[in-house]
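Please open the model in the viewer and keep the sequence panel visible. The tour below proceeds selection by selection.

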Amino acid sequence: MLVTSPQFKRNAARALADAGLQKALGTTTPQMHAKRAAARAALPEFERLRDVARDIKNHTLANLDFYLETFAANVEKAGGRVHWCSTADEAREAVLRICREAGARTVTKGKSMISEELGINEHLERHGITPVETDLGEYILQLRDEPPSHIIGPAFHLNREDWEESFRRSHTDLPADRPLGERRQLMDEARTRLRARFLAADVGITGANFLIAETGSTVIVTNEGNGDLTQTLPRVHVALASIEKAVPTLEDACTLLRLLARSATGQDMSVYTTFSTGVRREGDLDGPEEYHVVLIDGGRSNMIGSEFQDMLRCIRCAACMNHCPVYGAVGGHSYGWVYPGPMGSVLTPTLVGVDKAGHLPNASTFCGRCESVCPVRIPLPGLMRHWREREFERHLTPATVRRGLGLWAWFARRPAMYRAATRLAAGTLRLLGRGRGAFRALPLAGGWTGGRDLPVPEGGTFMAEYRKRQRGR
Amino acid sequence: MSREAILDSIRRGLRRGPLPEDQAAMLRGRLARHPRQLIPARSRLPRPEQLALFLRNLEKEFGSFERVPDLAAVPEAVADYLAAHNLPPQFGMAPHPVLLGIDWSARPLLRFEARRAMPTDEVTVQHAFAAIAETGTLMFPADPTRPTTLNLLPEHAIVVLHASRVVGALEEAWDLLRAERRDPMTGGFMPRNVMLVTGPSRSADIESTLELGAHGPRRLHVVLVDDEGDAPAEAPGDPRAEAVAQPGEPAVPGD
């Protein structure tokens, strides 16, 4: 997938001016907050479960080599094959090889973020194989040739009119005057079309939310049932999974499942939680005859032992982006790659490079809401701060910012000077701004006033006020 | 090879070589014990309330149910459901011995085939292995008697569930599976596929508004057989031994 993260500022400006997107964000965000809050309130153990989940993931990461080898051995015992892939290239090739050996012409797909990361669809298309996205949201994005804007609600930036327009444009064999004004009609049309694709597909590709080491199972969690149709009907099932999805046992998965749906959609449990273990057994009347797990590193093993290791606990629930004021203002596409919001701001620089994605960890107010809702307690603001430090160390920060920070640091190390300077600056601004509540423009501060007003300082500086109050006690 | 490259890279990050044998043995011990983690208290209830919690959660998730006193009452419950929804009296049914053992002739108009689901099935009847009160979830391990497609292809999924198979927490359902199933291929307990189903299929992908019946069933209806007291555990061993119908020869006893 093309990385447009370097253009974050331009992307964000465009998003702020996009009326449709702003409507979608405005109606959805409060609902997301309310749903998670209700689910959390209904489960008194929720906060303790977050601690347990964090500990399970930490334990797994500290022994990840052992658990991956155990997982792989158990997949093979159940007649499956594991394809270990260090890079995205290797993974794309592995998927293509499996499809070719299966003689595949069409491939159905369940929603998978790692598939977006690898660019599986483009790769298959280049080699004459037709991938069909079957998640409702992913399906319309494929029709519109757009990337997802959210990791669990990929098309949530679109409004009903967008759906209707795309369906009329793409499903040209249907009567042009058919009614499509209601959600139900749109969903029925997609259901009918995709049902035919499910039945015709030669290979089904899904992601995996968890890999259970104990049993060699891949787990998918969906509400539509498309993932299950994808992996049940074709002769070959391919599960794509990055290495950090491993968990030791079914009991460990229970804890993570209790947090996943509640954090994501506010459901106690998603509709379909499905454990796949190997190939069709003798006597089984359905299910795939071949089962492949494409196990992808893609830069994750380098995060182990680094200050970013905590990020590998992520279970992709999207709570952080649902609660992020920046995401809530600019939506997912602005982030310019597969993973938006706070988790993306940490992960994207790791996977595509901070030189390209340096804007993302800066696109945060550090309000801390993401960390406060993360089901596995990832210290997201702290990790974004690490990226800002690295960016500065590697001289990727723009020169004016560096000079400004240097100037600030010089003063900050000289408290008397610092106080004098702030006193002077505040006093000057107060004088200049007499009679108006805020500055609409100010020399040298165009970057600030371009997007918002600067309030005129009132009263003394913080230190002056502080001293006054101390004296008064 | 990539396998070694990935494992080496992980170990470099962890600043160690392959796990020392004593530590690996400890982890193997943890896998063998598969210790339970924190289990929410909500499902620790006296028996009748546990069942009520399951039914409440099932309905909260847009499922429906009917309670019947015994298996003999199942045909009537199924027939009533079909009539109430204006559906033709025919369905695909799991070739499960419990379902095949029912005397369907009580409702001679019902026509069914014991087999996997077909794309044309509007209605299917499946047999649940267990159910979980905590979340209103049904558990379907795949085997020759419980084809997975029956959970997915129809518009209306009817499920026969014994009340005695409703447990409190998800962990307890795994305990049943661990105790009662042997997989013919691995010797473990995990079948090819286990589906945990909580309500009918749905999507909120269009304008974040929930609609039922996205790709899977639009309706999920549980026929709950009140059998508390004479709990029929599933016999361990090769599940095919229980299966009456074999692939390729659909049983049609009710025709």
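Select strand S1 (residues 81-85) of chain A together with S10(A): the two pair in the parallel sense over five bridges. Strands here are DSSP runs (E, at least two residues) and helices are runs of H or I with at least four residues, numbered from the N terminus; two strands pair if DSSP finds at least two bridges between them. This is a predicted model, in which local features need pLDDT of at least 70 and side-chain atom pairs count only at pLDDT 80 or more, while totals for chains, interfaces and linings use all residues. Residues are numbered from 1 along each chain as its sequence is written, and chains are lettered from A and ligands numbered from 1 in the order in which they are written.

Within this pairing, His83(A) stands opposite Val294(A) in S10(A). Next, add strand S7 (residues 236-242) of chain A, which runs parallel to S10(A) and is joined to it by seven bridges. Here Ala239(A) has Val293(A) of S10(A) as its bridge partner.

Is strand S10 (residues 290-296) of chain A enclosed or open? Six of its seven residues are buried, so S10(A) is largely enclosed by the rest of the structure. A residue is buried if 20 or more other C-beta atoms lie within 10 Å of its own, exposed if 12 or fewer, and partly exposed in between, with C-beta atoms placed from the backbone.

**The nonpolar core**

Keep Val294(A) selected and add Leu256(A), Ala128(B) and Met139(B): these four touch the most other members of the largest nonpolar core, which has 187 residues. Such a core is a set of buried Ala, Val, Leu, Ile, Met, Phe, Trp, Tyr and Cys residues joined through C-beta atoms within 7 Å. Helix H12 (residues 250-264) of chain A gives the most to this core, with nine residues. Centre the view on Leu256(A); among the residues that it touches are Ala53(A), Phe210(A) and Ile315(A). Contact requires C-beta atoms, placed from the backbone, within 7 Å.

**The sheet across both chains**

Now display S9 of both chains. Strand S9 (residues 272-276) of chain A and S9(B) run antiparallel and are joined by five bridges. Thr273(A) stands opposite Leu196(B) in S9(B). Leu196(B) is also the bridge partner of Met139(B). Strand S6 (residues 137-141) of chain B runs antiparallel to S9(B), with four bridges between them.

Extend the selection to the open sheet of eight strands, of mixed pairing, in the order S8(A)-S5(A)-S6(A)-S9(A)-S9(B)-S6(B)-S5(B)-S8(B). Strand S8 (246-247) of chain A and strand S8 (166-167) of chain B stand at the edges, each with a single partner strand, so one side of each is left without a neighbour in the sheet.

**The contact between the chains**

Select the residues at the contact: 80 come from chain A and 66 from chain B. On the side of chain B that touches chain A, H1(B) supplies the largest share, ten residues. By class, that side has 31 nonpolar, 20 polar and 15 charged residues. Ala, Val, Leu, Ile, Met, Phe, Trp, Tyr, Cys and Pro count as nonpolar, Asp, Glu, Lys and Arg as charged, and the others, Gly among them, as polar.

**Chain B as a whole**

Colour chain B by secondary structure to show six helices and twelve strands. Buried residues make up 48% of its 255 residues. Finally, select residues 107-225 of chain B, where UniProt (unreviewed entry) places the feature "domain: LUD"; UniProt positions follow the numbering used here, feature names are shortened, and annotations may be inferred rather than shown by experiment. The span is 9% helix and 35% strand, and its end C-alpha atoms lie 18 Å apart.

Note on methods: Contact = placed C-beta atoms within 7 Å. Lists of a residue's contacts leave out its neighbours within four places in sequence.
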